[in-house]
Amino acid sequence: MGKKKIITIVCIIIIILVIGVYFAVDYFLDKDLEKQEQELQETIDEYGTVNEENVVTLVAKFNTEVMDNGLEYPASDDYFTVENDVYWYALYEDIYLYIEPLQYSGDTEKDIVDMTAINFPKDSENQDMALQFAKHLIKANNNELTDTEIDELIEEAKKASKDKKVANNGKGITVALAENETTYEYQIVRLYAETE
């Protein structure tokens, strides 16, 4: 055999191997992608999702819940500050609402809400009011929840807090009762579907 024939055969073998490897890698990547998509769908089915909300809209929904239910202490720009890229609203004496965006820009109309919370001291005399604010905040995050579902989420969050876990009923939010040495927080995290 001549050198040209050997080189041609080797080139053909290399081309066949490259094509085979390409299709094998493509096949396994597609399988992996399918598996990831299936896992994402299972997570969405288990935890649910909600639509994206900006800070302004969520505060407006919270204020509507507060006023419609007679608390009379809505979140106001008069008692508003930003600290460490988190929006804080003083509600009543030692009770605060804070909103943590997915990505902070300083523009409440652009910033999409990731987590909201009612923050109050452990020794507060206003714990019952803080709980009422928390219920209205949960409703503002998902207005399809019934009062019974909200109560169940709060009770589950209290029990789960011992193990640092969260409550979820498959409707797009999680609820947690977090604490440190001096403070309690009812935290509500919004779950969004992945966008491409």
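This is a guided tour of a predicted model, stop by stop, for use with your viewer open.

**Before you start**

Residues are numbered from 1 along each chain as its sequence is written. Because the model is predicted, local features need pLDDT of at least 70 and side-chain atom pairs count only at pLDDT 80 or more, while totals for chains, interfaces and linings use all residues; side-chain values use heavy atoms, with hydrogens and water left out.

**Stop 1: the whole chain**

Start with a cartoon of the protein chain. Its secondary structure comes to four helices and seven strands, taken as DSSP runs numbered from the N terminus (helices: H or I, at least four residues; strands: E, at least two). Walking from the N terminus, you meet the elements in the order α-α-β-β-β-β-α-α-β-β-β. Now colour by burial: of the 196 residues in the protein chain, 35% are buried. Here buried means under 20% relative accessible area, exposed means over 50%, and partly exposed is in between (1.4 Å probe, protein chains only).

**Stop 2: a patch on the surface**

Select I6, V10, I14 and V18 and show their surface. These four form a nonpolar patch with about 330 Å² of accessible area together. Patch members have over 30% relative accessible area and no salt bridge; nonpolar side chains (Val, Leu, Ile, Met, Phe, Trp, Tyr) are joined within 5 Å, and like charges within 9 Å. The areas come from the Shrake-Rupley method with a 1.4 Å probe, and for residues only the protein chains shown count as cover. Zoom in on V18, which lies in helix α1 (residues 3-47). V18 has 52% relative accessibility and so counts as exposed.

**Stop 3: aromatic pairs**

Next, show the aromatic side chains as sticks. Rings of Phe, Tyr and Trp (its six-membered ring) pair if their centres lie within 6.5 Å; planes under 30 degrees apart count as stacked, over 60 as edge-to-face and the rest as tilted. That rule gives nine aromatic pairs. Pick F80 and Y87: the ring centres are 5.9 Å apart and the planes are at 15°, so this pair is stacked. F80 is partly exposed at 30% relative accessibility, whereas Y87 is buried at 1%.

Then centre on F120 and Y186. With centres 6.0 Å apart and planes at 25°, this pair is stacked too. The two residues are 66 apart along the chain, so select both strands: F120 belongs to β4 (residues 113-121) and Y186 to β7 (residues 183-190), and the pair links distant parts of the chain. Both F120 and Y186 are buried.

Return to F80 and add Y89 and Y104 to your selection. Ring pairs join F80, Y87, Y89 and Y104 into a cluster.

**Stop 4: K122 and its partners**

Which ring does the charged end of K122 sit over? Select Y184: the charged end is 5.3 Å from the centre of its ring. The criterion is NZ of Lys or CZ of Arg within 6 Å of the ring centre and within 35 degrees of the ring normal.

Keep K122 on screen and add E179. Their side chains meet in a salt bridge at 2.5 Å, N to O. This pair connects distant parts of the chain, with K122 in the loop between β4 and α3 and E179 in strand β6 (residues 173-179), 57 residues apart. K122 is partly exposed at 27% relative accessibility, and E179 is partly exposed at 47%.

**Stop 5: further salt bridges**

The structure holds five salt bridges, each a side-chain nitrogen of Lys or Arg within 4 Å of a carboxyl oxygen of Asp or Glu. One of them joins K61 to E53, where the closest N and O atoms are 2.4 Å apart. K61 is partly exposed at 33% relative accessibility, while E53 is buried at 13%.

Another joins D151 and K135, at 3.0 Å from N to O. D151 sits in helix α4 (residues 147-160) and K135 in helix α3, 16 residues apart.

**Stop 6: helix α3**

Select residues 127-141, which make up helix α3. How far apart are its end C-alpha atoms? They are 21 Å apart, in agreement with the 21 Å expected for 15 residues, that is, 1.5 Å times one less than the number of residues. Since 11 of the 15 residues are buried, α3 is largely enclosed by the rest of the structure. Among the buried ones are M129, F133, H136 and K139.

**Last stop: Y192**

Finish in the segment after β7, where you will find Y192. Y192 is buried, with a relative accessible area of 17%. Add D114: the C-alpha atoms of Y192 and D114 are separated by 8.9 Å, although the two are 78 residues apart along the chain.
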